Amino acid sequence: MSLESILAAAKQAIIDIDEDKAVCVAKEALEEGLNPVQVLSEGYSAGIREIGELFSRGEVFLPEMILSAEAMKAATAVLESAITGAAAEKIGKMIFATVEGDVHDIGKSIAIALIQTQGVEVIDLGRDVPVDKIIEAAEEHGAKVIGTSALLTTTMPNQEKLEKVLRERGLRDKYKTIVGGAPCTQRWADKIGADAYAEDAGEGVTKVLELMKS
Amino acid sequence: MSEFFTRMGDGSGVYMTAEEIREDILKGVKDAADRGKIPELTQEEMDYLYKIITMPGNIVGVERGREVVSTSDSGSCKMTYHANIAMERSMAVLVSEKVLGADSVDIGNMDYSYKAVKQIIHNETPVMELAQLNAVMPVLYGSMPNLGLYTKPDGPVENWSELLPLAKIDEARAAQEEAVEHAVRDIVFVAGEMYAAGADGINLDTCGASGDADFLAGLLATEKIKEKYPDLGVEFGAAGEFVLGMHGKIEYDGAKIAGLYPHKQVKLAEKAGANIFGAVVNTNTNMSFPWNIARTVTFVKACTAAAEIPVHVNVGMGVGGIPMSEIPPIDVVTRADKALIEIGKADGL
């Protein structure tokens, strides 16, 4: 199969929520000697992005989205060894957390699934995470990027608090920060001094890769 | 080139040219029509919407004779927690009626969920009785079905938010179906007690906040309330512009609930026996007010056209074209109201 055929089949396997097909396509991609990162980002991730778009329109529902993510996870497992050798090493680490007081993490999980496909090692701290714990994890893992998600206007100030505490501790220049979540905007990111804002998971991938390279 | 002051969906001020405003109106209309598979606004309606957005003056109002009534969600609590004026709720009802000119208000508890209210019902009914003795306007009792409260460790059923990420789809669906039964029982119990206390109606607020099963709980509770207490009005308020498919397969009256937009949601509410439908259209914080209100009006116009019961549009923080900010700016709030009433044909707010 050609690269284009493999990418199309990978994307369609995710949209069809066909885990067996997703795994089969991944094996075929390796046999053909294709770049596994490209297969993930332009094939499987494209499928996940389409599922995400359909979800945001009320045309696909949470169970289907979960199952499509499972199919992608199975395909990723097949490609993982090749990715580890080829791409993960040269990109870097990222801390990701939903801020303290906020228990929403579906969007964050989707973003992490996509970012990981690009060879970024993501340390997921989960939800309701205090600022101190985020910084502690960033220091411990030697992360380059810190991503925070907030779904509530009442928890957004914790993204601002992260910027403030990083500055107070003289760590601000050591990390690149990115914010996301329904009430967040580019204006919010500019106001608090974050390095980037992402409207959705797809944009999150692009922005994180830019931050990694900066 | 002249510019007009308006706002973004997060409430921040922005100046836009006439061309930019018209362009955003058109994009907002098309987005709603595409998502909801509903008709676009006419050119004449879009021109009038542009006129409303760019009218001089900080606030605008509807034409004489086109005023509509208002209902509320937890209205009796808002003077306390929004204005920081400590006020007993039955007194807040009277202030709403006699000072602010409200057409109706609902009494709600701070916990604002039927499950929580069930256990303190003996504290809630006297507030309703006192309000009914003194108020002339209809006074409702309001709360949310809030299906999530029935999951462990707070409730008896398994937690589908934990089951779903583990891909335990069948178990997650079964848990939601079980929670519906508990929620319906609690809602009907509270409605009965409030009926006895003299309530004019019951407000099922934010149906669907926990997904399609939550929406179903509201519908089934409405059916039972109307069967047991035909005189008790039911206001059925939605949680979002489409019903989130947390379950994905739940049906009511032969229709899959997940993914329904306001013009179809209202038909299910009608079928269940609701007297008022509260339509919701979400605000996008990254888009302008012209985009958001054009989109909202398009959805609402389709909803009111389909409805046979009054539609009261939710126009609060983050819905109905109103920016997602702590204090909704009065300039866009009044413009949203005027557009929803005069173009969207809303029966109430």
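Within chain A of this predicted model, helix 2 and helix 3 meet through a defined set of residues: A22(A), V25(A), A26(A), A29(A) and L30(A) from helix 2 contact P36(A), V39(A) and Y44(A) from helix 3. By class, this contact comprises eight nonpolar residues, with no polar and no charged ones. Helix 2 of chain A spans residues 19-31, and its axis lies 10 Å from that of helix 3 of chain A, at an angle of about 145°. The crossing of helix 2 and helix 3 of chain A is right-handed.

Helix 3 of chain A also leads to the contact between the chains. Chain A contributes 21 residues to this contact and chain B contributes 26 residues. Together the two chains bury about 1,900 Å², of which 54% is on carbon and sulfur atoms. On the chain A side, the greatest losses of area to chain B fall on R57(A), F61(A) and R187(A), which together account for 31% of what that side buries.

Polar interactions also join the two chains. Between chain A and chain B, 12 residue pairs are in polar contact, counting pairs with both residues at pLDDT 80 or more. Three salt bridges are found across the interface; in a salt bridge between E59(A) and K37(B), the side chains meet at 3.5 Å, N to O.

Three helices of chain A, namely helix 3 (36-56), helix 4 (62-91) and helix 8 (186-192), each supply at least two residues to the side that touches chain B. Helix 4 of chain A gives the most, with five residues. By class, the residues on this side of chain A comprise 10 nonpolar, five polar and six charged.

Definitions and conventions:
Residues are numbered from 1 along each chain as its sequence is written. Chains are lettered from A and ligands numbered from 1 in the order in which they are written. This is a predicted model: local features need pLDDT of at least 70, side-chain atom pairs count only at pLDDT 80 or more; totals for chains, interfaces and linings use all residues. Side-chain values use heavy atoms; hydrogens and water are left out. Contact means heavy atoms within 4.5 Å. Buried area is the accessible area (1.4 Å probe) that two parts lose on being put together, summed over both. A salt bridge is a side-chain nitrogen of Lys or Arg within 4 Å of a carboxyl oxygen of Asp or Glu. A polar contact is a pair of N or O atoms within 3.5 Å; within protein, one must be able to donate a hydrogen and the other to accept it, and residues adjacent in sequence count only if both atoms are side-chain atoms. Helices (H or I, at least four residues) and strands (E, at least two) are DSSP runs, numbered from the N terminus. Ala, Val, Leu, Ile, Met, Phe, Trp, Tyr, Cys and Pro count as nonpolar, Asp, Glu, Lys and Arg as charged, and the others, Gly among them, as polar. Axes are lines fitted to C-alpha atoms, for helices over the stretch in contact, and angles run from 0 to 180 degrees between N-to-C directions. A crossing is left-handed if the near helix is turned anticlockwise from the far one by less than a right angle, and right-handed if clockwise.
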